[in-house]
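Work through the exercises below with the model open. Try each task before reading its solution.

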Amino acid sequence: MTQLDNVVKPKTRRSKRFLESRAPKLTEDVKNAMIMKGGNTSQTITQALKDLYSLKKPNAVLYKKKNITRPFEDSTSLEFFSKKTDCSLFLFGSHNRKRPNNLIFGRLFDFHVLDMIELGIEKYVSLSEIKASKCPEGTKPMLVFAGEAFDTDNELKRLKSLLIDFFRGPTVSAVRLAGLEHVLHFTALDGKIFMRSYRCLLKKSGCRTPRIELEEIGPSFDFVLRRTHLASDDLYKLAHRQPKALKPKKKKNISHDAFGTKFGRVHMQKQDLSKLHTRKMKGLRKRKGEVVSEEQDGQSPKVAKVES
């Protein structure tokens with residue numbers, strides 16, 4: 001590829017396809033995540049990164065070598081690797097005396113850091129320690145958030161949005177019942193965040209709807225919130241902007257209520273009720289030998305009996 005006046009011109013078809021894949025699209029691809037560890041790590045952090053990578057596969061890249069960087073002080077290396085691998089999410093693990101067993105969840109916008117939230121691991125149970133059958137790779141999880149703090153606290157609101165971005169998986173139009181088998185549960189309680197992973201078991205219930213049981217499959221985390229780097233409201237709003245082609249067109253005379261019920265308003269011309277055909281009843285039939293005479297003043301018709 002040659003570059004002239006900031007315009008990249010591909011020389012081969014392969015490079016042309018590569019540039020087209022990186023070009024902006026109306027419907028963006030699935031967000032990929034890069035998972036890396038810092039210069040100093042512990043066995044807990046190394047195993048935790050591997051377990052989180054197994055939950056995110058195949059939309060993740062795991063770096064096995066150490067990267068000597070500090071995201072809260074200098075994020076240029078993260079932005080470089082993001083542009084190289086086309087990843088808009090990252091997970092960074094480190095360990096030191098001041099902040100032991102440290103995980104940093106973050107996301108990027110236009111290859112620049114948008115949000116970063118640092119979580120400390122207080123308790124951890126790996127995938128291998130829980131002896132249970134696991135979900136297949138690439139299973140789209142169901143995300144459950146419990147706790148009022150996710151709706152009231154500003155930092156936990158951003159953490160909830162970040163975790164949804166990280167674990168949501170690809171966007172699908174329909175899901176079969178048997179495919180709803182993985183649940184990620186997040187609970188905010190007493191200043192801590194508890195993460196649990198379950199597998200849905202469909203049991204016989206004697207009716208059409210199966211009985212659901214949850215079996216913990218791991219990994220299990222007890223997090224504590226540490227440092228945060230949140231984007232400004234203007235930049236956060238700019239990152240959520242959608243192109244006009246994707247915005248749904250407003251349809252006239254159609255509205256929805258709070259429960260999603262669709263209501264439509266129909267405009268009709270004025271009807272002539274004198275020509276309206278109603279149901280014929282036996283009580284309204286004319287009797288034999290009776291003549292109905294209508295007066296011109298608009299009063300009710302009178303029935304006159306005819307004598308023979």
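**Exercise 1. Glu213**

Classify Glu213 as buried, partly exposed or exposed, then find its salt-bridge partner.

Solution. The model is a predicted one. Start with accessibility. Glu213 has a relative accessible area of 32%. Buried means under 20% and exposed means over 50%. Glu213 is therefore partly exposed. Next, look for the partner. Glu213 forms a salt bridge with Arg211. Their closest N and O atoms are 2.4 Å apart. Finally, check the partner: Arg211 is partly exposed as well, at 40% relative accessibility.

**Exercise 2. Two more salt bridges**

Describe the salt bridges of Arg107 with Asp115 and of Asp165 with Arg168, and place each residue by burial.

Solution. Take Arg107 and Asp115 first. Their side chains meet at 3.0 Å, N to O. Arg107 is buried, with a relative accessible area of 4%. Asp115 is buried too, at 1%.

Now take Asp165 and Arg168. Here the N to O distance is 4.0 Å. Asp165 is buried at 12%, whereas Arg168 is partly exposed at 40%.

Then widen the view. These four residues belong to a network of salt bridges that also links Lys31, Arg158 and Asp233. A search of the whole structure finds 15 salt bridges.

**Exercise 3. Strand S6 and its neighbours**

State how S6 pairs with S5 and S7, and how enclosed S6 is.

Solution. Begin with S5. It runs antiparallel to S6, joined by 6 bridges. Within this pairing, Phe90 has Gly106 of S6 as its bridge partner.

Go on to S7. S6 and S7 are antiparallel, with 8 bridges. Leu103 stands opposite Leu119 in S7. The two strands form a hairpin with 2 residues between them. In that hairpin, Asp110 takes a positive phi near 55°.

Last, count burial. In S6, 7 of the 8 residues are buried, so the strand is largely enclosed by the rest of the structure.

**Exercise 4. The faces of helix H3**

Which residues of H3 (residues 76-85) are buried, and what covers them?

Solution. List the buried residues: Leu78, Glu79, Phe81 and Ser82. Look down the axis of H3. The buried residues fall within an arc of 165°, so they line one face of the helix. On the other side, Phe80, Lys83 and Lys84 are exposed.

Now identify the cover. It includes strands S3 (33-37), S4 (60-66), S5 (89-94), S6 (102-109) and S7 (112-125).

Finish at the end of the helix. Asp86 follows H3 and has a positive phi, near 60°.

Definitions and conventions:
Residues are numbered from 1 along each chain as its sequence is written. This is a predicted model: local features need pLDDT of at least 70, side-chain atom pairs count only at pLDDT 80 or more; totals for chains, interfaces and linings use all residues. Side-chain values use heavy atoms; hydrogens and water are left out. Buried means under 20% relative accessible area, exposed over 50%, partly exposed in between (1.4 Å probe, protein chains only). Helices (H or I, at least four residues) and strands (E, at least two) are DSSP runs, numbered from the N terminus. The arc is that of the directions from the helix axis to the C-beta atoms. Contact means heavy atoms within 4.5 Å. Two strands pair if DSSP finds at least two bridges between them.
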